[in-house]
2 protein chains.
Amino acid sequence: MRNPRQNDRLKALLQAAGIRSTRQRVALAAILFDGTHKHVTAEQVHAAVRKGKSPVSLATVYNTLHQYTTAGLLHEVVISSSRVYFDTNTGEHHHFFDDADGKLYDIPADSVRISRLPPPPPGRKLERVDVIVRLVATKS
Amino acid sequence: MRNPRQNDRLKALLQAAGIRSTRQRVALAAILFDGTHKHVTAEQVHAAVRKGKSPVSLATVYNTLHQYTTAGLLHEVVISSSRVYFDTNTGEHHHFFDDADGKLYDIPADSVRISRLPPPPPGRKLERVDVIVRLVATKS
DNA sequence: GACACAGTTTAGAATCATTCTAAACTGAGT
DNA sequence: ACTCAGTTTAGAATGATTCTAAACTGTGTC
């Protein structure tokens, strides 16, 4: 995105999260925070940023995705052991996972009601509840 | 387990699942199906079987765990991207995952009620619902 | 505007769980 | 005992991710 208005928005977004803005971090933010929610892998982000005019190394993609996650700009979603997804929707919600094509779809938090959850073991507190609804193709 | 009664039980269990019983498969079954439910990784099973008198290669541990999973004797639980857990409890239930020590604890199915789940996208059907409750140490 | 230095980026090596390969082995039926 | 599909194996290969150590860059200081 060469749009200077966009650029300022992204810099502000990083600043607000306490992250120093650099050329690479803005390029990645432009891909991730374009207004629509996404589920992406590091490789996908790397491929996308390589197409642009502002190349970023794979190591930096990993570093930055983790940094954004720590800063609360992304959520990590563990769905399959072979790859980690990063979710730009950081609000409470759940996921459909389609095994056929490896894609994730959001389920709004209020579509799922969890009740009667047992208390966590002593010395531990509940951090997050992830509901993953695994899908398969209907063998018609 | 050198107990011949045990041995016959395990062979029968494999047979019933349509799996030919071999020395290796029985040795692994002895570790997995001892009457108590477990959450194990391939490495853990490999370490355990190596201590016994009936060594099994790591490749066979992987092959066999997957075969047992396909046969419905185990369930695969994906909780963290760095390892896969195999669960000897194949009934419907959910999990606490303790990030502090990487351990899994069962949550009985009837402790969690999921309602208002949206319908799966067209051409897909719901295969399984996994609820993972992530725990962290209480910072006291 | 040049200087310094912590923070950042990078290519490539390293890691680690898992899968693959291709050869040796084994069990069930003749 | 003989055969052949099915099984096991060591070690190589894979693939995502992390590490390393060296080069680079942004920000504050004069």
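1. Two strands pair if DSSP finds at least two bridges between them. Strands here, like helices, are DSSP runs numbered from the N terminus, with helices (H or I) needing at least four residues and strands (E) at least two. With that in hand, look at A:R128: it stands opposite B:R134 in β7(B). The pairing of strand β7 (residues 124–137) of chain A with β7(B) is antiparallel and runs over 13 bridges.

2. A quick word on ground rules: this is a predicted model, where local features need pLDDT of at least 70 and side-chain atom pairs count only at pLDDT 80 or more, while totals for chains, interfaces and linings use all residues. Residues are numbered from 1 along each chain as its sequence is written, with chains lettered from A and ligands numbered from 1 in the order in which they are written.

3. Now the A–B interface. Contact means C-beta atoms, placed from the backbone, within 7 Å; on that basis 35 residues of chain B touch 35 residues of chain A. On the chain B side, β2 (75–80), β4 (93–98), β5 (103–108), β6 (113–115) and β7 (124–137) each supply at least two residues. The largest share, 14 residues, is from β7(B). By class, that side of chain B has 20 nonpolar, six polar and nine charged residues (nonpolar is Ala, Val, Leu, Ile, Met, Phe, Trp, Tyr, Cys and Pro; charged is Asp, Glu, Lys and Arg; the others, Gly among them, are polar).

4. Have a look at helix α2 (residues 23–32) of chain B as well. Seven of its 10 residues are buried, so the helix is largely enclosed by the rest of the structure (buried: 20 or more other C-beta atoms within 10 Å of the residue's own, C-beta atoms being placed from the backbone; exposed: 12 or fewer; partly exposed: in between). The buried ones are B:R25, B:A27, B:L28, B:A29, B:A30, B:I31 and B:L32. They pack against α1 (4–16), α3 (42–51) and α4 (58–70) of chain B.

5. On to the nonpolar core, meaning a set of buried Ala, Val, Leu, Ile, Met, Phe, Trp, Tyr and Cys residues joined through C-beta atoms within 7 Å. The largest one has 56 residues, and those with the most contacts inside it are A:L28, A:V45, A:V49, B:L28, B:V45 and B:V49. Setting aside neighbours within four places in sequence, A:V45 is in contact with A:L28, A:I31, A:V40, A:V61 and A:L65.

6. Then the DNA, where a residue is near a strand if its C-beta atom, placed from the backbone, lies within 6 Å of it. Around DNA strand C there are 24 residues, and A:T22, A:S57, A:A59, A:T60 and B:V84 come nearest. α4(A) gives the most to that surface, with four residues. For DNA strand D, 24 residues surround it, the closest being A:V84, B:T22, B:Q24, B:S57 and B:T60. Here α4(B) gives the most, again with four residues. The surface near strand C divides into eight nonpolar, 10 polar and six charged residues, and the surface near strand D into eight nonpolar, 10 polar and six charged.

7. Last, the domains of chain A, whose bounds come from an automatic or database domain assignment. Chain A is divided into domain 1 (4–80) and domain 2 (90–135). Their centres, taken over C-alpha atoms, are separated by 24 Å. Eight residues of domain 1 are in contact with six residues of domain 2. Strand β2 (residues 75–80) of chain A gives the most to the domain 1 side, with three residues.

Technical notes
Two residues are in contact if their C-beta atoms, placed from the backbone, lie within 7 Å.
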